[in-house]
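Here is a short tour of backbone and aromatic features for you to follow alongside the coordinates. Please keep the viewer open as you read.

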Amino acid sequence: MGKGGGCVPSKKKVPSTLDDQRVARDAPIKIEEDGTTAEPNAAADTAAETAAPPPAAKLKIFIVFYSMYGHVEGLARRMKKGVDGVDGLEGVLYRVPETLSAEVLDQMKAPPKAEGIPEITAAELATADGLLFGFPTRYGCMAAQMKAFFDTTGQLWNEQKLAGKPAGFFVSTGTQGGGQETTAWTAITQLAHHGMLFVPIGYTFGAGMFKMDSIRGGSPYGAGVFAGDGSRQPTETELALAEHQGKYMASVVKRLSEG
């Protein structure tokens, strides 16, 4: 072979496939298939970010209760589970202020109030999308603590801040004839004067409303529990009815919000 006819490596290096991958990985700009480059479209990226709507705020149902021995509170906690199970809804637990002194409560052997549930003020009611009020009976009517709380809502009544808000009741009684219906029924006057919308559960609980094989609190007016002498706790059937009421109220509030 003549001079200069040997195999001399070319000075023009052709990048290997591995080199191509490394360059493509480390490049700060996009490399098209034809070898040209394209700058990122910053304007499009910004528009995409700003176009995403913020998450909608959840509708809130306040579950406002008075409970001396924990029976109504048990229903309230299970009711919140029902509300929270509906998309876009949130149940918020509140207590009404106690009117009895610590000495009297001690003599009545009332247990300490569980922590983590704040006391509500009348003004806060106006911020709710729906309301569920729970209380024990006193001679077929709501307990004095709940009535005292309603008596503080005069300014809300004067300004009609609660007019049109859906509301319901759940109760606790000592015996089967102690006021499962009348305790809720007599409380409707509070809603009527505020122009609120009473939402009973009717027979929407289905077959559970007709069970006769065990003692069960509750009525078409709302969930309920039999407390007996205070030692009896809510049964699973009574708790299930409370959960259903929470879910049912949440569905009503959601439909009303959608107009």
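The notes below take up two backbone angles and then the aromatic rings.

This is a predicted model, in which local features need pLDDT of at least 70, side-chain atom pairs count only at pLDDT 80 or more, and totals for chains, interfaces and linings use all residues. Residues are numbered from 1 along each chain as its sequence is written, and side-chain values use heavy atoms, leaving out hydrogens and water.

Let's start with two residues that have positive phi without being glycine; helices (H or I, at least four residues) and strands (E, at least two) are DSSP runs, numbered from the N terminus. Accessibility is relative, with a 1.4 Å probe and protein chains only: buried is under 20%, exposed over 50%, and partly exposed in between.

| Residue | Phi | Loop between | Relative accessibility |
|---|---|---|---|
| Y139 | near 55° | β5 (130–138) and β6 (141–142) | 88%, exposed |
| Q160 | about 55° | α6 (154–159) and β7 (166–173) | 39%, partly exposed |

Now to the rings. Rings of Phe, Tyr and Trp (its six-membered ring) pair if their centres lie within 6.5 Å; planes under 30 degrees apart count as stacked, over 60 as edge-to-face and the rest as tilted. By this rule there are 8 aromatic pairs. In one of them, the ring centres of F133 and F169 are 6.4 Å apart with planes at 40°, so the pair is tilted. Because F133 sits in strand β5 and F169 in strand β7, the pair ties together parts 36 residues apart in sequence. F133 is buried at 1% relative accessibility, and F169 is buried at 0%. Both belong to one aromatic cluster formed by F133, F135, F149, F150, F169, F198 and Y221.
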